[in-house]
Structure formats: structure tokens, C-alpha cells
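Subject: Structure handover and notes

Hello,

Here is the structure I said I would pass on. My notes on it come after the model.

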Amino acid sequence: MKKSQYSLIIAVLFIMTSSARAELLYNLTFDDTLSSTGSVKGTAVEELNGANPGEYSKSISPLLKNGLSRTFSVSESKGVDIVLPGSGSKLQLDKTGKMITIACWIKISNLKSERGIVTKISGKEKAGWAFYVGSGTHKGELGWSAYSSKGYSVERWSNPNGEKVPLGVWTHVAFTFKVGEAPLVGTFYINGKSVGKFSLHSSQTVVKSTESIRVGSKYKGGYRPLNGLLDELKIFDTTLTEKEIQALTNSTKHQ
């Protein structure tokens with residue numbers, strides 16, 4: 001059942017007041033529009049990956065008729081992602097104190113390969129970060145990878161013995177990260193509950209990327225579409241607490 005807009009407004013106000021410096025940068029509800037109503041205004045742009053416009057229009061609908069969700073995949077290696085407006089310079093995690101929270105609903109069709117949720121990464125530059133759902137030995141786990149200032153890439157996963165992202169079920173996922181706060185810097189959430197934490201060396205940062213933030217894809221040896229649905233995307237410039245993540249989960253759709 002779709003929660004009321006009133007409940008969502010209350011939850012966001014709770015987060016903004018409890019996290020004094022929190023800013024909701026991107027807020028996409030996908031209700032018949034790709035516009036963001038966060039502090040960064042504008043409309044997300046669609047980009048086809050491996051699919052031509054005719055194939056795309058026949059295979060998937062840019063906005064479902066009920067205005068609830070966005071579908072991203074034509075096939076295992078073809079689809080579309082969306083590029084967030086004005087995001088090339090946003091959410092760099094290249095300095096101590098930089099923070100991010102990503103939260104959204106997803107409904108995955110299959111996990112034959114990793115499924116990108118939100119990414120800002122460039123293999124050519126060897127820079128940036130990515131948030132996604134794992135496959136293979138990490139099937140259903142939430143993953144995060146980045147190019148470290150130490151000169152190598154890092155990859156971390158949610159608890160393999162904890163809750164995982166199921167197939168064909170709307171699931172709320174979230175990730176928080178803060179640079180230079182060792183021993184605890186990253187936390188994964190599924191349906192409002194922490195499912196894993198990781199640490200990095202206190203002096204590590206993420207190499208600055210000029211790549212725009214993309215939703216619904218990940219590139220790792222080839223295009224990896226979300227292969228499912230995504231809804232109610234919110235990106236903050238702070239690390240929300242578990243209580244705040246729970247409030248956000250309970251106030252949005254698909255409960």
C-alpha cells in the first residue's frame with residue numbers, strides 16, 4: 001500500500017531536524033516524472049545502453065501506468081539508466097568528513113550478475129564509487145566498491161549470514177558512508193535494519209570522479225542493468241542513523 005505524502009513529509013522533516021546538517025540533495029518519486037524535488041533541482045536524463053530506441057520502447061515502459069516505479073532493463077545486458085541532474089561535481093567522497101546516504105525501493109527480477117543501484121564511478125579515470133546488489137557467491141548481498149586514494153580498488157559486502165535482497169519482492173535498501181571515521185565508516189540496510197558494517201583505514205578517501213551519478217546500472221566488464229524496478233530514490237549528504245533509515249522506510253511506498 002502506498003503511504004501518504006503526509007507521512008513522507010513528516011519522516012523527511014524528522015530526518016532534517018534530527019540531523020542538523022542533513023540535506024536531501026536528490027528526491028525522485030517517479031510519479032509520472034523524472035524530476036528531482038531535492039535541493040538539486042532538474043530532471044534526470046535517460047541514456048540507452050546497448051538497446052536502440054525501438055527495442056527500448058517495445059520492451060519496457062519508461063514510467064509504469066500507476067506512476068509508482070521505474071524499470072531499467074531490456075535484457076541481461078541491455079537497458080537504460082538515468083543520469084541525475086547536476087551530479088558531476090556532487091557527492092565526491094574525496095575528503096575527510098564527506099558523507100552520503102542512498103535509500104530507495106528495489107524489486108529485482110534476477111541476479112545472474114551484479115545489479116547496479118546508484119553509481120558514480122569511472123573505470124577509465126579509476127575514480128568514484130558504486131552501490132549495488134551482488135550475484136554468485138554474494139547473491140542478494142548489498143555491495144559497495146570504490147577507487148581508494150591508496151592506489152587500489154576496494155569492495156565491501158553486507159553480512160553474508162544476514163538478510164538478503166529477495167527476487168520479485170519490493171525491498172527497501174540503503175547505504176551510508178562517511179570518510180575518515182575509522183573504524184566504522186560504511187553501513188548497509190535492508191528494510192530499515194542494519195545488515196552489515198565495514199571499516200577502512202582512517203586516512204583513505206575515494207578518488208574524485210567527474211562522472212555523473214547514474215541510477216539503475218553498473219559497469220563491470222560490461223553493462224549491468226538493474227534488471228528490475230526502482231522507486232522512491234533519496235540521496236542525502238549526511239549519514240542517517242538506523243532510526244532515521246527506519247523512519248524513511250516506514251513512511252514511503254510498498255509497505
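The notes below go from the whole chain to the core, the salt bridges, one sheet and a few single residues.

This is a predicted model, in which local features need pLDDT of at least 70 and side-chain atom pairs count only at pLDDT 80 or more, while totals for chains, interfaces and linings use all residues. Residues are numbered from 1 along each chain as its sequence is written, and side-chain values use heavy atoms, with hydrogens and water left out.

Whole chain

The secondary structure comes to 3 helices and 18 strands; helices (H or I, at least four residues) and strands (E, at least two) are DSSP runs, numbered from the N terminus. Of the 255 residues, 53% count as buried, where buried means under 20% relative accessible area, exposed over 50%, and partly exposed in between (1.4 Å probe, protein chains only). The accessible surface of the chain is about 10,900 Å², and 52% of that belongs to carbon and sulfur atoms; the areas come from the Shrake-Rupley method with a 1.4 Å probe, and for residues only the protein chains shown count as cover. Among contacts with a separation of 6 or more, 68% are between residues 24 or more positions apart, a contact being heavy atoms within 4.5 Å.

Core

A nonpolar core here is a set of buried Ala, Val, Leu, Ile, Met, Phe, Trp, Tyr and Cys residues joined through side-chain atoms within 4.5 Å. The largest one has 45 residues, and the members that touch the most others are Ile-117, Trp-129, Trp-144, Phe-177, Leu-230 and Leu-233. Strand β7 (residues 99–108) supplies the largest share of this core, 5 residues. Apart from it lies another core of 8 residues, including Leu-24, Ala-103, Ala-174 and Tyr-189.

Leaving aside neighbours within four places in sequence, the contacts of Phe-177 include Leu-93, Met-99, Ile-100, Trp-144, Phe-198 and Thr-239. Thr-176 lies in strand β12 (residues 171–178) and is buried, with a relative accessible area of 4%. With the same four-place exclusion, Thr-176 is in contact with residues including Ile-100, Thr-101, Tyr-189 and Leu-240. Trp-105 lies in strand β7 and counts as buried at 1% relative accessibility. The C-alpha atoms of Trp-105 and Lys-234 are separated by 9.8 Å, with their positions 129 residues apart along the chain.

Salt bridges

Side chains of opposite charge can pair when their charged atoms come close. The rule used was a side-chain nitrogen of Lys or Arg within 4 Å of a carboxyl oxygen of Asp or Glu, and by this rule the count comes to 5 salt bridges.

Arg-214 forms a salt bridge with Glu-47, the closest N and O atoms being 2.8 Å apart. Arg-214 is in strand β15 (residues 214–215) and Glu-47 in strand β4 (residues 45–49), so the pair ties together parts 167 residues apart in sequence. Arg-214 is buried, at 18% relative accessible area, whereas Glu-47 is partly exposed, at 32%.

Arg-214 also forms a salt bridge with Asp-81, with 3.4 Å between the closest N and O atoms. Asp-81 is in strand β6 (residues 79–83), 133 residues from Arg-214 in sequence, and both residues are buried.

Lys-218 and Glu-114 meet in a salt bridge at 2.9 Å, N to O. Lys-218 is in strand β16 (residues 217–219) and Glu-114 in the loop between β7 and β8 (115–122), 104 residues apart. Lys-218 counts as buried at 6% relative accessibility, and Glu-114 counts as buried at 8%. Salt bridges that share partners join Glu-47, Asp-81, Glu-211 and Arg-214 into one network.

Sheet

7 strands form an open sheet with antiparallel pairing, in the order β4-β6-β15-β8-β9-β10-β11; two strands pair if DSSP finds at least two bridges between them. The edge strands, each pairing on one side only, are β4 and β11 (153–157). β6 and β15 pair over 2 bridges, and Ile-82 stands opposite Val-215 in β15.

Backbone

Most residues other than glycine have a negative phi. Leu-91 has a positive phi of about 55 degrees; Leu-91 is in the loop between β6 and β7 and counts as buried at 9% relative accessibility. Asn-191 has a positive phi near 50 degrees; Asn-191 is in the loop between β13 (186–190) and β14 (193–198) and is partly exposed at 32%.

Regards
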